[in-house]
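Visitor: I'd like a close look at one part of this model, please. Start with how two of its helices pack, then show me what else is worth a stop.

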Amino acid sequence: MPYDHRTIRALGGALTACAALTTLAGCGSGSHAAAPRTTDAKSTTSATSSIPPTDAPAAALPLTGRTIVIDPGHNPGNYRHARDINQKVDIGTTRKECDTTGTATAADYTEAAFTLDVSHHLRDLLKAQGAKVLLTHDADRPFGPCIDERARTGNAARADAVVSVHADGSATGNRGFHVIVPARVSSGAADTAKIVGPSRELGEAVARDFARATGTAPANYLGDGTGLDVRDDLGGLNLSTVPKVFVECGNMRDPKDAALLSNAAWRQKAARGIADGIGTYLKG
């Protein structure tokens, strides 16, 4: 509609005022200029303090700083090197074969394959808790290592704990697991005086947690139901200068035990039980 001269003057004045204020507050529905925000010092401090710090140290894992050596019993290639593994080595109290082939189930699932699989699971569980983990071998050599070299690996690492993983080859009807701990030995290169006590504590912890994790019972053919067996004839224990045990996870020659040992899910439970036992021991 047409405007009179008074209306035009009023509109002109408004447009002039709008132009002057545009850089401060914007003008009109088509403007994209934003009004400046003013924030007082108090509100700035409050907003900043509510943001959590990003450089806070992560909580240490329970086995951080601990060194653990896992000794997978035997080697899958031992059977190809009979002459080598039959060479005798000094274990302090006597001389014994470098190593053996180990036992097997009736279906020919070997102890060497069993121990390596459990050891891999065990390594992963311990590393997840922050531990430094070493294996005496990983089927990465033709045979061995010999029993004296296995002991030296744990000694050289100054391990907080060493566990040698095995399965027994006893008679049918003999069932269950047991943990072998060192006897007091002082002969030749063998001197277990300093490790007998700590190794016993490690063995007791592993026996308790292994039973809980796997649901299996201690051996019914040795150890008087304790799940512990004291030995003075094993070079891996006699020559150790750090706490060490052997875990015989079951009897491969008994059909019922063999069915468990051959089961992948059960082997994971076995590894969990050993890992829990090591953790229980190291955490005191």
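Visitor: In which sense does helix 6 pass helix 9, left-handed or right-handed?

Guide: Right-handed: that is how helix 6 crosses helix 9, meaning the near helix is turned clockwise from the far one by less than a right angle (anticlockwise would be left-handed). Before we go on, this is a predicted model, with local features needing pLDDT of at least 70 and side-chain atom pairs pLDDT 80 or more, while totals for chains, interfaces and linings use all residues. Numbering runs from 1 along each chain as its sequence is written, and side-chain values use heavy atoms, leaving out hydrogens and water.

Back to the pair: helix 6 covers residues 196-214 and helix 9 covers 264-283, with axes that come within 7 Å and cross at roughly 140 degrees. Those axes are lines fitted to C-alpha atoms over the stretch in contact, with angles from 0 to 180 degrees between N-to-C directions. From helix 6, the contact (heavy atoms within 4.5 Å) takes in Pro198, Glu201, Leu202, Ala205, Val206, Arg208, Asp209, Phe210, Arg212, Ala213 and Thr214. Helix 9 answers with Trp266, Lys269, Ala270, Arg272, Gly273, Ile274, Asp276, Gly277, Ile278, Thr280 and Tyr281. Sorted by class, that contact holds 11 nonpolar, 4 polar and 7 charged residues; here Asp, Glu, Lys and Arg are charged, Ala, Val, Leu, Ile, Met, Phe, Trp, Tyr, Cys and Pro nonpolar, and the others, Gly among them, polar.

Trp266 of helix 9 also turns up in the lining of the largest cavity, alongside Gly176, Phe177, Thr216, Cys249, Gly250, Asn251, Asp257, Leu260 and Leu261. That cavity has a volume of about 40 Å³, and the count of cavities of 30 Å³ or more comes to 1. Strand 10 and helix 8 (255-261) each give at least two residues to its lining, which has 5 nonpolar, 4 polar and 1 charged by class.

Strand 10 (244-251) also serves the largest pocket, giving at least two lining residues, as do strand 3 (95-97), helix 5 (147-156), strand 5 (161-168), strand 6 (178-182) and helix 7 (235-238). Strand 5 supplies the largest share, 4 residues. The pocket holds about 430 Å³ of space and has 25 lining residues, with His74, Thr100, His166, Leu234 and Phe246 nearest its centre. By class, the lining splits into 5 nonpolar, 9 polar and 11 charged. On a 1 Å grid, a cavity is where a 1.4 Å probe fits but cannot get out; a pocket is open, with protein on both sides within 12 Å along at least five of seven lines, and lining means an atom within 4 Å of a point.

Leu234, one of the residues nearest the pocket's centre, is a contact of lysine 96, as are Gln87, Lys88, Val89, Ile91, Ile147 and Asp233, leaving aside neighbours within four places in sequence. Lysine 96 lies in strand 3 and counts as partly exposed because its relative accessibility is 25%; buried is under 20%, exposed over 50%. Its C-alpha atom sits 8.7 Å from that of isoleucine 147, 51 residues apart along the chain.

Aspartate 148, in helix 5, is buried, with a relative accessible area of 14%. Not counting residues up to four places away, aspartate 148 touches Val89, Asp90 and Leu239.

Stepping back, the protein has 9 helices and 10 strands, numbered from the N terminus as DSSP runs (H or I, at least four residues; E, at least two). Of its 284 residues, 42% count as buried.

How values were computed:
Grid points are joined across faces, edges and corners, and a volume is the space filled by probe spheres set on the points. Buried means under 20% relative accessible area, exposed over 50%, partly exposed in between (1.4 Å probe, protein chains only).
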